[in-house]
Amino acid sequence: MSQRESEPSVWSPLGFEREHLLNNLLTVVSLLFWARIVLYAWNQEVPRAKFAAVFLAGGMLIYVVEQLRDLEEGSLLERLWLWFCAAMSIIGPAYVWWHYKVLETLRIGYALPREYALGAVFAVVVLYLTYRAFGTAFVGVVIAAIAYAYFGYAIPGIFGHSGIGERQIINLLTMEFDGFFGSITQTVAVKVSMFLLYAGLMRGYGAFDLIMKLSYRTTKYLRSGVAQSAVLSSLIVGSINGAQTANAAMTGSFTIPLMKESGMKKETSGGIEAVASSGGQIMPPVMGAAAFVMASLVPSVGYVDVLVAGIVPALVFYISVAIGVHYMAIKQLPEEGIDLEKRIKEISDGYHPVIEALRFGIPFAVLLYTLGIAQWTVISSALYTCAAMVLTGSGLPILLSFVQSGPSPVETVTDVFNSTISGFKFGAIAIAPITVIIAAVNGIVDLLNATGMPGKLSIALVSIAGGVMLFTVILAMIICLILGLGMPTVAAYTIVALLIAPTIITNFAVPTLAAHFFVFYAAILSGITPPIAIAVVVTAGIAEADFWRTALEALKLGLPLFILPFTFIYNPEIVTGGFDLMTAGSGLVVLLGAITITHGLNCAPKPFGIPSPFSYGVRALFVLLGTLAMVWPGMAPRIGVVVASVVLILAQTQLPRFRSVERVSGSD
């Protein structure tokens, strides 16, 4: 059944059924939310900080209404509390909107008694919704940041500070245009939101069904095609929605059962989907919310610069993953393959491939032209892309209904109207939890800035590493993975960009963009790093597999990706050199190094015919050579390592075949 068919009817009959009423309310709120964002994108009539209040209110309200709609079993008290949260999600931002001029210009650093009370209640609501959306781990980070700000006077040593009073904390978080309404929330509101509307419209018009069908078709041309469908679909879907857990849930619900049916282990199926989904948000031209945040944090770097810098690393990421998936799949999948026609028939047929290419290709071309060639602002590019998506997504089917047999024009208009409304709702539901988490992250960032934590952590990190760059970046990688556990990528990146990137830039003269890509990729990889591994949690649940074994499979597949961030430090031209011959050559060497590591992890049990335990030494040699090819400074040594690696791989794979041919010839 297609995604559109599984969506509840948009306009349910008005009755006493709670779910229908809440579904209709969610639809109305979603439409109003997007109408306000589109209006801002068109004329940008209010300051960003003021608009962020509207954005936060709408996102929180949509999230609460969705929770109420999906709450099958819950106490009356829980429902009443959620309705209270819905009311506060409007009241708090509305107060800030109404008193914007006073709060922004006159009353800085203090608030009125009623404002402290309102701010405290609103902060509790934000914390509760953060807990509900992302669990105990992340809300614990928020509470820890608040506790650190308040009890700083009791902390000895370098990390101690004079402490920030409770009123100042409340004021900073809720009544000043830092905190929950700060620069990160403003960036997401202005630059990211319209792209999530684009993703929602694509889903509403059936683009993801088309993507899944195209992915399944790869099985006709490649033995590992079943597993590669996870890589391909996650690449396309993830590059638009930019959220690893949502990506894993969306594509994994199709690809993981398919891989299991074809003969792959359930842990391997879950691990493949977790890694592929985590990488979707690094693929241009959208790269999720984190790319927009990076463009706002890095001085003199625009969003297009971030996209160009991300092309080669993204290709290295996905090609190395695809090759690793091929190694894993051919060990487990039967040679005869499986018949996917039944699974393909379960997906909506859609229109003729040429029509589908026009429906979804024209808006994408608009995005590439306005963003990359015409150099329009991000919000204008996204606005015109969404307009083109509505025009082609609904217009082409209506035109075809007049010239083809099938549904009448009236039926077609009704269908595309419902698809359009569903697309708006899909986009609103996707952005709602991001709105909540971004508000919380903004609060953490501004609290830590107020305490001077970034500078103190920088001094401590360099001191522990003894001023040695290698030790410093290894420690930085570990801290990035720890700080990113359980967080969405945009949240994890924002925090580590604040705490870690300045250390690398200031103390070792690493280019700013390279340092930010280092922490960006590390934040992504935290999604597959135990003990939390948020992407693995989702895929293991879908696969009904053991979490730890699934995480091990993900780590095995993703090991070259843990080396890749160090490439940005020691060979920064891969992200700072633009898209020229030097960057492409360096990227090719890095890719061959990643392939060498993958080969070492997955090569035959007895490489060169050497029985275990010596085989593990050969595997370790491949991993070492691949790591040197990816990280060693300078092009010439890396090329030498790659040549040696290729020679060894050819010797390992071809020598046994040559010997077997000799034995056959001798016996003849």
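Does Arg69 count as buried or exposed, or what is its relative accessibility? At 14% relative accessibility, Arg69 counts as buried, because the cut-off for that class is under 20% relative accessible area. The structure in which this residue sits is a predicted model, and the paragraphs below proceed from the overall fold to individual side chains.

The protein contains 29 helices and zero strands. Of its 668 residues, 56% are buried. Among contacts with a separation of 6 or more, 75% are accounted for by residues 24 or more positions apart. The protein exposes about 27200 Å², and 68% of this area is supplied by carbon and sulfur atoms.

Charged pairs come next. Side chains of opposite charge can pair when their charged atoms come close. A search of the whole structure finds five salt bridges, and three of these pairs are described here, beginning with the residue of the opening question. The side chain of Arg69 meets that of Asp70 in a salt bridge, with a distance of 3.2 Å from N to O. Whereas Arg69 counts as buried at 14% relative accessibility, Asp70 counts as partly exposed at 41%. The two partners therefore fall into separate classes, since buried means under 20% and partly exposed lies between that value and 50%.

A second salt bridge joins the side chains of Glu356 and Arg359, at 3.4 Å from N to O. Both residues belong to helix H16, which spans residues 353-373, and they stand three residues apart, about one turn of the helix. Glu356 is buried, with a relative accessible area of 6%, and Arg359 also counts as buried, at 2% relative accessibility.

A third salt bridge is formed by Arg638 with Glu573, whose closest N and O atoms are 3.7 Å apart. This pair links distant parts of the chain: Arg638 is in helix H29 (residues 635-667) and Glu573 is in helix H26 (residues 573-576), 65 residues apart. Arg638 counts as buried at 0% relative accessibility, and Glu573 counts as buried at 17%.

Cysteines may be considered next. The structure holds zero disulfides. Cys386 is buried, with a relative accessible area of 3%, and Cys480 counts as buried at 0% relative accessibility.

Helix H20 offers a view of both the interior and the surface. This helix covers residues 469-483, and Ile474 lies in it. Thr472 has its place in helix H20 as well. Which of these two residues is buried, and which is partly exposed? Thr472 is buried, with a relative accessible area of 0%, whereas Ile474 is partly exposed, with a relative accessible area of 36%. Leaving aside residues up to four places away in sequence, Thr472 touches Leu461, Ala465 and Phe508.

Ile474 also belongs to a nonpolar patch on the surface, formed together with Val468, Leu470, Phe471, Ile478 and Ile482. The accessible area of these residues together is about 520 Å². Ile474 can be a member because patches are made of residues with over 30% relative accessible area, and the value for Ile474 is 36%.

Terms used:
Residues numbered from 1 in each chain as written. Predicted model: local features only at pLDDT ≥ 70, side-chain atom pairs only at ≥ 80, totals over all residues. Heavy atoms only, no water. Patch = residues over 30% accessible without salt bridge, like charges linked within 9 Å, V, L, I, M, F, W, Y side chains within 5 Å. Areas by Shrake-Rupley, 256 points an atom, 1.4 Å probe, with all protein chains shown as cover. Salt bridge = Lys/Arg side-chain N within 4 Å of Asp/Glu carboxyl O. Helix = DSSP H or I, 4+ residues; strand = E, 2+ residues; numbered from the N terminus. Buried < 20%, exposed > 50% of the residue type's maximum accessible area, 1.4 Å probe, protein only. Contact = heavy atoms within 4.5 Å. Disulfide = S-S within 2.5 Å.
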